[in-house]
Amino acid sequence: MKIHRLLSWLIVLSLSLVFGVSAEELSPDADEVARRVYDRDVGRDMHLLGTMELISAGGQKREREYTTLRLDTAEERKVKIRFTAPADIEGTGFLVVENLDSAETEQHLYLPALKRTRRIVASQQGRSFVNSDFTYEDMRRQPLKNWTYQLDEDTAYLGRPCYVLVSEPKPTTDTQYTRIVSQVDKETFIALQIDFYDQ
């Protein structure tokens with residue numbers, strides 16, 4: 001056993017010296033994988049055109065189109081979603097402002113029919129986001145300190161090698177989920193699939 005540990009250590013040391021790769025980068029632990037997902041470089045800003053597909057229990061499909069804008073500064077991250085089609089949701093807007101120092105988040109929903117904006121408060125986090133399966137909680141980033149992490153056996157998704165990151169809330173964390181399982185691309189640290197588990 002000691003020989004195997006010594007060989008493993010020598011391999012890691014050799015790779016570190018030759019390629020400048022640390023042991024942490026070779027096999028990150030669960031906390032490190034979670035940190036890399038959270039802190040992944042996504043650039044200073046983003047402009048996204050997207051489609052949301054709603055599928056009823058009877059299999060009927062409806063599509064919604066939206067634009068997303070994101071702007072990061074040293075102090076905060078702002079994300080704005082505005083629906084552009086169909087007509088019954090056109091103009092509906094959603095703003096998320098995340099304080100990067102405190103990790104506190106504000107959410108505001110603009111309803112064009114009422115011509116007013118309302119703030120989403122903590123007690124509404126479990127409610128449906130614009131009548132979809134998403135909730136307001138899903139539309140924000142949870143601080144890393146609110147969860148514990150562990151790694152399951154590695155897998156592959158869409159042909160990409162993945163870490164399987166299991167996140168469980170700490171007792172003091174206000175969430176509707178008992179655990180979240182993410183398949184995280186080993187190269188990019190993008191979560192390619194996320195399964196949410198409630199009570």
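How many helices and how many strands are there in the protein? I looked this up before anything else, bearing in mind that the model is a predicted one, and I found three helices and ten strands.

**Order along the chain.** I then read the elements along the sequence and noted the pattern α-α-α-β-β-β-β-β-β-β-β-β-β, in which the three helices come ahead of the strands.

**The sheet.** I followed the strand pairing next and wrote down an open sheet of six strands, ordered 1-2-3-4-5-6 and paired in the antiparallel sense. At its edges I found strand 1 (45-55) and strand 6 (116-120), each of which pairs on one side only. From one strand to the next I noted a twist that averages 20°. As a reminder to myself, strands of a sheet pair through backbone hydrogen bonds, either parallel or antiparallel.

**One strand pair.** Within this sheet I looked at strand 4 (residues 93-99) and strand 5 (residues 105-111), which are joined over six bridges in an antiparallel pairing. Here I picked out E98, which stands opposite T105 in strand 5.

**Burial and surface.** How much of the protein is buried? Of the 199 residues, I recorded 30% as buried, meaning under 20% relative accessible area. For the exposed area I noted about 13,200 Å², with carbon and sulfur atoms supplying 52% of that surface.

**Contacts.** Last, I checked the contacts between residues at least 6 apart in sequence, and I found that 32% of them join residues at least 24 apart.

Definitions and conventions:
Residues are numbered from 1 along each chain as its sequence is written. This is a predicted model: local features need pLDDT of at least 70, side-chain atom pairs count only at pLDDT 80 or more; totals for chains, interfaces and linings use all residues. Side-chain values use heavy atoms; hydrogens and water are left out. Helices (H or I, at least four residues) and strands (E, at least two) are DSSP runs, numbered from the N terminus. Buried means under 20% relative accessible area, exposed over 50%, partly exposed in between (1.4 Å probe, protein chains only). Contact means heavy atoms within 4.5 Å. Accessible areas come from the Shrake-Rupley method with a 1.4 Å probe; for residues, only the protein chains shown count as cover. Two strands pair if DSSP finds at least two bridges between them. Axes are lines fitted to C-alpha atoms, for helices over the stretch in contact, and angles run from 0 to 180 degrees between N-to-C directions.
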